[in-house]
Amino acid sequence: MKLLLTSAGIKNPSIESAMVELLGQPISECGALCIPTASYGHAPRGIHGSYRFLTGGATTPMVELGWGSLGVLEVSALATLDQELWVPAVQEADVLLVNGGDSLYLAHHMRESGLADLVPSLSPVWVSLSAGSMVLTPRIGEDFKVWNPPDGGDRALGIVDFSIFPHVDHPDLPENTMAAAEQWAAGLGNPAYAIDDDTAIRVVDGTVDVVSEGHWQQFG
Amino acid sequence: MKLLLTSAGIKNDSIRDALIGLLGKPISECDALCIPTALYGHPYAGPRQAWRCISGTETGTPTVELGWKSVGVLELTALPSLDEERWLPLVRETDVLLVEGGDAAYLSHWMRVSGLADLLPSLNAVWVGVSAGSMVMAPRIGDDFVNWQSPAGDATLGVVDFSIFPHLDNPDLPRNTLAQAERWAADLPGPAYAIDDETAISVVDGAVDVVSEGNWRKLQ
C-alpha cells in the first residue's frame, strides 16, 4: 500500500515528483478513480465542491493533472452494489484521488461498503487531500468533527498510526495555527503531524516520510 | 414539477427549445444539480461513464455541459446519512435536476430511500431525465430493463402513467428495435412510448407532449 497524504492536493513540484515516483509511470498513462464522497458530509457547500473536484476546477490540484483515464468511485453507492460492479475497477486503477470534506462521513461509508477492508491490500496509490488524508488516521480529534457518526466518537480508519492536522497557517483558516495544532495533538494519545498546503506525507509499506516546500511539524 | 424525459439528453434544437421553455429563462441563468446515481448501478455505465457524464464530456448524452449558471452533484446514495437541512434547501432552490441514465430500479430505490421521491410534487425544478433518469418516472420499467435487483421488482415511481422504452433504433443497441418495444409494451398494463435518441417527452401539469426530430411511437 502506497499513500500520498496531502493537505491540499498536488500543490508544488516536490509533491508532484513524489506522486509520479509512487505511481511508477507517467500521469498520462495512469487510470484514476476519483472519490468525491467526503464532500457530501459538508453539504450544501460540498455539493458544489464535489463538482469542482471532479471537473478539476478546485483550488486543490488533483483531477486536472492529465490522467490517462478518469472514473468516479462513489463510496456511498457501493454498499448497495454487487462487488463485481466495483471491486475490479478499484483493483485495476493505478491511483485513487480522494477529495476532502468530512473524514468521519467518508470513514463511515468506507466501512459500510467494505472498501476500508480492501485499502491495506490495494495496488492503486492512495492520493488524498485534507479529509481524504485524515480518514486513514486513528482519530481526527474533536476540533475537526462536523458530521456525527453513529458511534459518536472521532475515530477514523486507523490504517496509519498518526493523526493529521491539515491546512496549518492557511490564510482563510485563522484558527489553523501551529499553536492550535500543538494543543490538538496533545489530546490525541497518538503521534501526529501538522502540515501546511505545500506539504504531503508519504507512506510506503509502513515507512513514513514528509515531502514539503512549506512547513510542518511532528508531534509525539 | 415539470418533466423533460429524454432518451439521450439535449440532442437537438427542438429538445433544447422545449427545455428553455420549461425553465422559463436562459440556461445561463439557471442553477443545476446533476444526479449521477443511476450510473453506478448499471454494468454498461460504471465509473468512467459517470465521470464523463458529470464532467460534461459525454457527447452521447448532453446535459451538464449546456452552460448552466452553476452545477452541483446531488448524490442520492449520500443523502440518507445527512441531515435534511444540509441538502433540502438547495434542492428546493435549484432550477433544474439533470438526472443521468444507468439503472432505473437502482435510481428508483434511492429516490425513495433518500426521501426525494416524496418531495417531487412540491419542487419547482425541471426534471431533465436521460434514459433511466426518464424511465424512473414511469409506474413500471418492464422486466427487460431490470438489472439491479430491487425489492420493488420492476416497479418505479409512477409519477407519470406511461412507461418509456428509450434508445429506439440506436445502432449500438441492436436489440432496441420497434418490434422489441412492442413486445415489451404488450406485457405492461399501461400505455408506453418508444422514443429514439432525438426524442423527448415533456410533461407539464399532466399534459404530455412529444418533442422530436427523430422517431417515436405510442404503444398501448
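User: How many salt bridges does the count come to over all chains?
Analyst: The count comes to 7 over all chains, where a salt bridge is a side-chain nitrogen of Lys or Arg within 4 Å of a carboxyl oxygen of Asp or Glu. This is a predicted model, where local features need pLDDT of at least 70 and side-chain atom pairs count only at pLDDT 80 or more, while totals for chains, interfaces and linings use all residues. Residues are numbered from 1 along each chain as its sequence is written, chains are lettered from A and ligands numbered from 1 in the order in which they are written, and side-chain values use heavy atoms, leaving out hydrogens and water.

User: Cool! Which residue forms a salt bridge with B:R140?
Analyst: That's B:D154, with the closest N and O atoms 3.0 Å apart.

User: Is B:D154 buried or exposed?
Analyst: B:D154 is buried, at 11% relative accessibility, whereas B:R140 is partly exposed at 27%. Buried means under 20% relative accessible area, exposed over 50%, and partly exposed in between (1.4 Å probe, protein chains only).

User: And what does B:E58 meet in a salt bridge?
Analyst: The side chain of B:R52, at 3.1 Å from N to O. B:E58 counts as buried at 14%, and B:R52 as partly exposed at 31%.

User: New topic: how many salt bridges are there across the interface of chain A and chain B?
Analyst: The rule finds 0 there.

User: How many residues does the contact take from each chain?
Analyst: It takes 29 from chain A and 28 from chain B, with contact meaning heavy atoms within 4.5 Å.
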